[in-house]
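This report describes the empty spaces inside a protein model and some of its strand pairing. Please look at the structure before reading on.

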Amino acid sequence: MTNQVKISSNCKQQFEITSDDLIFYEKMAVAEPGYCPQCRMQRRLLHRNERTLYRRPCDKCGKDSVSIYPPGKFVVYCNPCWWGDSWDGKDSGIDYDPNRPFFEQYIELQSKVPRINLLSITSVNSEYTNNAEDNKNCYLIFAAQKNEDCMYGRLVQRCKSVVDTAWIYDSELCYECLDVRNCYGCMYCERCQTSKDLLFCFDVRGSQNCILSTNLRNKNYYIENKQCTKEEYEKKKKEILADIESAKKRFEELKSQAIVKYAFQTKCVNTTGDYLYNVHSSRMMFDTENAKDCAYMADAESSEDCMDGNNMYYKPEKCLDMMGVLQTSNSAFCTYVFYCHDVFYSNSLQSCENCFGCIGLKKASYCILNKQYTKEEYEKLRETIISNMSEYGDFLPPETSPFKYNETLAKDYFPDPAAEEIKTGTYGKENGKDVFACVDCKKNFKITPNEFAFYERMGLPLPLKDFECRMQDRLRKRTPRKLWHRNCMKCDKDIETTYAPDRKETVYCEACYQAEVS
């Protein structure tokens with residue numbers, strides 16, 4: 001097969017469909033997509049509301065709960081009621097009408113089936129968490145798994161006592177850290193690994209007791225990349241914690257002088273993309289660990305032979321264009337399907353197989369639009385529907401999303417100035433004790449007792465911004481999920497990188513970077 005060039009139906013830009021892509025589409029028995037990789041990601045993110053939360057009663061038991069849906073919109077059940085056996089999504093099933101567009105009928109089904117208030121599974125004392133699993137005593141962390149005593153973060157994995165962090169893994173007692181792995185006692189650090197007691201450090205590994213340093217390897221007691229004594233380190237740390245804002249400015253100056261590798265990859269082979277750990281034989285991957293033979297994915301773990309996915313975990317295999325997946329296989333064009341196989345154009349399925357256009361089913365098989373069929377009936381009707389669908393091969397259309405644009409992750413990566421502004425929370429209610437006003441958006445935010453204790457323990461000042469503004473600050477520090485061809489600034493080798501050619505950083509290829517910083 002040879003590569004093809006198409007025009008994206010949304011952005012009208014040219015994009016390439018590689019021979020590897022075509023082989024995968026043939027294996028999945030779908031037509032090639034009509035949208036470029038960026039537009040495909042945007043469509044998936046339109047279906048993911050992580051951090052816009054509301055309070056509303058459960059429509060079954062009446063209990064007040066936190067939800068990603070505002071009051072009065074959809075039928076919403078709290079976690080115990082949704083997972084309980086007192087209702088069955090098949091009771092809302094509808095007959096397929098070949099004279100009506102399929103997605104018109106899908107949207108009709110959406111209005112009938114109860115939705116879960118939050119996707120928070122097997123967590124303890126962690127009410128304000130979403131797209132989260134196995135967390136204990138956590139607050140406002142999202143896309144998070146197996147954490148304890150953590151607050152305010154996104155993509156927090158297997159951590160303890162970390163606050164205001166994002167894309168942090170296997171770490172403890174960290175604050176305002178971004179893209180950090182296997183670290184302890186670090187604050188205001190970026191791209192650091194296997195280190196301890198770092199303060200305002202960038203791209204430091206195997207080190208401890210370092211301040212305002214970059215590109216260090218296996219060092220102890222360094223200030224601004226120079227050896228220091230323990231006493232000098234302690235004195236400098238005390239000075240910085242007394243004047244955090246000045247340290248932030250100095251840190252930005254030092255980062256601008258640091259050498260950056262073309263991609264933040266560790267233990268990766270034959271892979272393109274950024275923020276990757278142990279990824280092999282994959283293309284255009286971002287924020288992924290332990291993956292193989294994948295393409296066009298972000299925020300994924302242990303995926304294999306998958307293409308076009310966001311937030312896919314627990315070994316998904318042979319999946320195409322999916323959002324929010326746990327251990328699912330041979331499936332396509334779905335959102336939030338867990339432990340399923342052979343499901344298509346579906347949402348919120350648990351332990352299902354051979355379902356098409358279904359919503360909110362558990363342990364079901366051979367269903368279309370939530371109606372039960374025999375195996376033979378299912379296969380025949382499924383082929384009829386596909387033959388009538390001009391959209392087959394593309395993800396669920398935007399009108400099927402239950403969220404407004406600025407409630408979703410799409411606003412983080414594809415901001416739309418025309419999108420409706422979403423306002424939640426209160427304004428003008430600050431008291432100077434535990435409720436404050438964000439210096440940027442003026443929204444009130446609360447400092448909890450656990451936060452006060454953490455800031456006191458770490459010797460930190462109180463934050464000046466609310467969580468969402470702090471999160472947006474962290475996002476702005478990262479490179480975009482897009483690749484450019486440019487040359488290494490030392491040896492002139494061609495590289496594929498998330499650093500655009502007009503950026504000011506000193507960008508090196510792998511060999512030149514390793515020669516410089518090792």
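With six residues, β19 gives the most to the lining of the second largest cavity. A cavity is a set of points, on a 1 Å grid over the protein atoms alone, where a 1.4 Å probe fits but cannot get out, and a lining residue has an atom within 4 Å of a point. Strands (E, at least two residues) and helices (H or I, at least four) are DSSP runs, numbered from the N terminus. The model is predicted: local features need pLDDT of at least 70, side-chain atom pairs count only at pLDDT 80 or more, and totals for chains, interfaces and linings use all residues. Residues are numbered from 1 along each chain as its sequence is written, and side-chain values use heavy atoms, with hydrogens and water left out.

The second largest cavity has a volume of about 210 Å³. Its lining has 21 residues, and Y169, R181, Y275, L276 and Y277 are the closest to its centre. At least two lining residues come from each of β10 (151–157), β11 (163–169), β12 (178–184), β19 (269–292) and β20 (295–301). A volume here is the space filled by probe spheres set on the grid points, which are joined across faces, edges and corners.

By this rule the model has six cavities of 30 Å³ or more. The largest cavity holds about 300 Å³ of space. Among its 29 lining residues, Y69, L119, Y336, N347 and S348 lie nearest the centre. Both helices and strands take part: α3 (79–83), α4 (102–110), β6 (115–116), β8 (129–133), β24 (335–338) and β26 (347–350) each supply at least two residues of this lining. Of these, β26 gives the most, with four residues.

The model also has pockets. A pocket is an open set of points with protein on both sides within 12 Å along at least five of seven lines. The largest pocket has a volume of about 1,200 Å³. Its lining has 36 residues, and R51, T424, K443, D466 and E468 are the closest to its centre. At least two residues each come from β3 (54–57), β9 (139–145), β31 (444–446) and α10 (467–476), and α10 gives the most, with six.

The second largest pocket has a volume of about 910 Å³. It is lined by 37 residues, with E190, K248, E252, D473 and K477 nearest its centre. Two or more residues of this lining come from each of β12, β13 (193–202), α6 (244–257) and α10. The largest share, eight residues, comes from α6.

How do the residues of each lining divide? Ala, Val, Leu, Ile, Met, Phe, Trp, Tyr, Cys and Pro count as nonpolar, Asp, Glu, Lys and Arg as charged, and the others, Gly among them, as polar.

| Space | Nonpolar | Polar | Charged |
|---|---|---|---|
| Largest cavity | 17 residues | eleven residues | one residue |
| Second largest cavity | ten residues | four residues | seven residues |
| Largest pocket | 15 residues | eight residues | 13 residues |
| Second largest pocket | 17 residues | two residues | 18 residues |

The last topic is strand pairing, where two strands pair if DSSP finds at least two bridges between them. Strands β25 (residues 341–344) and β27 (residues 353–356) run parallel and are joined by three bridges. In this pair, H341 has E353 of β27 as its bridge partner. β27 also pairs with β28 (residues 365–368), in the parallel sense and over three bridges. There, F356 stands opposite I368 in β28.
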